[in-house]
Amino acid sequence: MDVISVIRTKRDRGELSDEQIDWVVDAYTRGAVADEQMSALAMAILLNGMNRREIARWTAAMIASGERMDFSSLSRPTADKHSTGGVGDKITLPLAPLVAACGAAVPQLSGRGLGHTGGTLDKLESIPGWRALLSNEEMLDVLNGAGSVICAAGDGLAPADKKLYALRDVTGTVEAIPLIASSIMSKKIAEGTGSLVLDVKVGTGAFMKTLDDARELASTMVGLGTDHGVRTVALLTDMSTPLGLTAGNALEVRESVEVLAGGGPADVVELTLALAREMLAAAGLPDADPEKALADGSAMDVWRRMISAQGGDPDAALPVARETHTVTAPASGVLTRLDAYDVGVAAWRLGAGRARKEDPVQAGAGVELHARPGDTVEAGAPLLTLHTDTPERFAYALESLASAYEVAPPGTDFAARPIVLE
Ligand code: URA
């Protein structure tokens with residue numbers, strides 16, 4: 001087998017055979033296929049797609065690239081959640097401890113920023129001392145001790161995804177249903193969770209821009225999970241405007257802690273509770289009360305135990321960017337649009353995401369929102385605050401915000417989109 005013939009097959013709109021898929025995924029994981037060759041193949045897949053057989057085989061090959069974990073020794077049912085990626089999507093941070101506080105074990109394997117979307121691990125790494133990389137034994141220890149763990153997939157778990165995920169981030173090959181579905185489901189199936197709730201984002205700030213594409217991604221992933229014996233459900237949720245009032249690493253940790261303390265923006269609380277209910281039902285705990293666990297502080301207790309168990313100091317001050325720049329409202333009226341993609345690109349350009357896969361991210365960088373669609377704003381009042389350690393980035397970030405928002409005359413009717421669409 002040679003990689004050029006595999007690339008040509010997909011470039012010319014052919015179907016990859018099972019043998020081609022098994023070989024190329026394994027050869028890439030071993031380093032026998034180079035990054036530039038896999039980039040070409042990923043681009044061919046993005047442009048020409050894959051059928052269900054190819055996706056199932058590609059996912060199976062990614063699972064087989066590494067080991068599988070087994071949580072059958074745990075006394076609690078396991079539940080996990082994965083988002084397809086959004087702007088300001090910090091939901092995993094309050095959700096994992098909340099669901100654990102309600103009786104499930106939550107082994108939350110998470111990722112880094114991808115394109116203009118933020119990554120849970122990049123966010124949590126802004127907590128001084130916190131470690132994303134745990135061995136399988138450490139992961140089990142944290143899960144047993146705290147009830148939830150949020151960490152990177154260990155080196156041994158779906159290593160093909162680890163390499164391909166970082167490559168797609170910097171080669172414009174993220175937005176492909178076969179690649180997103182296999183990336184997410186290979187990790188989750190290899191991880192061995194009993195149940196999985198997928199948060200499939202739809203809108204400008206998501207990789208799926210239309211409901212039809214999001215439905216197809218959701219049904220592909222639910223099919224893969226079900227075929228591998230994982231109870232899998234999906235919600236389609238809105239990503240036309242950022243979630244909450246922050247997009248950026250430390251900024252989002254701060255907001256998540258507010259949610260765990262019983263406050264936080266209403267949309268973040270609503271989605272956290274909706275996903276918690278789905279996870280608890282899928283885990284066989286339909287009578288658990290996540291609202292109570294937020295209100296009585298038990299979710300916060302799990303958060304503190306989990307952060308400490310992973311080396312972090314839950315009481316440490318979070319990093320703050322050295323420079324800020326305020327964008328003001330151009331007129332008085334009703335904010336009718338604040339575009340998730342534009343805000344995500346601005347946060348990325350300010351340093352919250354990467355341009356090359358080896359780049360570090362800035363913990364304090366990002367965008368803070370002072371108003372959300374539907375709010376009344378005054379001309380000249382702050383609308384957004386941009387945060388970065390490198391002020392030369394402001395101009396570049398501001399370019400992406402040039403048409404990010406619209407203010408309509410005072411009194412204009414505004415119909416908010418629901419957060420959970422389907
Ligand atoms: N999350 C993943 O793990 N992979 C993707 O491709 C997109 C979101």
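These legends walk you through several close-up views of a predicted model.

**View 1. The ligand sits among nine neighbours that include His82, Ser183 and Lys187.**
Start with the surroundings: the ligand is ringed by His82, Thr84, Leu114, Tyr165, Arg168, Ile180, Ser183, Ile184 and Lys187. Three of these side chains are worth finding one by one. In the side chain of His82, an N or O atom is 3.1 Å from an oxygen atom of the ligand. For Ser183, the partner is a nitrogen atom of the ligand, 2.7 Å from an N or O atom in the side chain. Lys187 places a polar side-chain atom 2.6 Å from an oxygen atom of the ligand. How much of the ligand does the protein bury? On its own the ligand exposes 230 Å², and the protein buries 97% of that.

**View 2. Leu236 is buried in strand E5.**
Look along strand E5, residues 231-238, to find Leu236. Its relative accessible area is 4%, and because buried means under 20%, Leu236 counts as buried. Who surrounds this side of the strand? Beyond its neighbours within four places in sequence, Leu236 is in contact with Val200, Val202, Leu211, Ala214, Arg215, Ala218, Ile419, Val420, Leu421 and Glu422. Take Leu211 as one of these contacts: Leu211 and Leu236 are 25 residues apart in sequence, while their C-alpha atoms are 8.0 Å apart in space.

**View 3. Lys10 and Glu54 form a salt bridge between two helices.**
The closest N and O atoms of Lys10 and Glu54 are 3.1 Å apart. Lys10 belongs to helix H1 (residues 3-11) and Glu54 to helix H4 (residues 52-64), so this pair ties together parts that are 44 residues apart in sequence. Are the two partners buried or exposed? Lys10 is buried at 2% relative accessibility, and Glu54 is buried at 1%. This is one of 29 salt bridges counted in the model.

**View 4. Lys201 and Asp89 form a salt bridge across distant parts of the chain.**
Here the closest N and O atoms are 4.0 Å apart. Lys201 lies in strand E4 (residues 195-202), whereas Asp89 is in the loop between strand E1 (79-83) and helix H5 (92-101), and 112 residues separate them. Both Lys201 and Asp89 are buried.

**View 5. Asp238 and Arg417 meet in a salt bridge.**
The N to O distance for this pair is 2.7 Å. Asp238 is in strand E5 and Arg417 is in the segment after E12, 179 residues apart, so the pair links distant parts of the chain. How do their surroundings compare? Asp238 is buried, at 9% relative accessibility, whereas Arg417 is partly exposed, at 47%.

**View 6. Five charged residues share a network of salt bridges.**
The members to pick out are Glu15, Asp18, Asp22, Arg53 and Arg57.

**View 7. Three strands make an open antiparallel sheet.**
Reading across the sheet, the order is E10-E8-E12. Why do E10 and E12 each have one side without a neighbour in the sheet? Strand E10 (376-377) and strand E12 (405-408) are at the edges, and each has a single partner strand, so one side is left free of a sheet neighbour. Strand E8 (residues 333-338) runs antiparallel to E12, joined by 4 bridges. To see one bridge partner, find Arg337, which is matched with Glu406 in E12.

Definitions and conventions
Residues numbered from 1 in each chain as written. Predicted model: local features only at pLDDT ≥ 70, side-chain atom pairs only at ≥ 80, totals over all residues. Heavy atoms only, no water. Buried < 20%, exposed > 50% of the residue type's maximum accessible area, 1.4 Å probe, protein only. Contact = heavy atoms within 4.5 Å. Pairing = 2+ DSSP bridges. Near = heavy atom within 4 Å. Polar contact = N/O pair within 3.5 Å; in protein donor to acceptor, adjacent residues only side chain to side chain. Areas by Shrake-Rupley, 256 points an atom, 1.4 Å probe, with all protein chains shown as cover. Salt bridge = Lys/Arg side-chain N within 4 Å of Asp/Glu carboxyl O.
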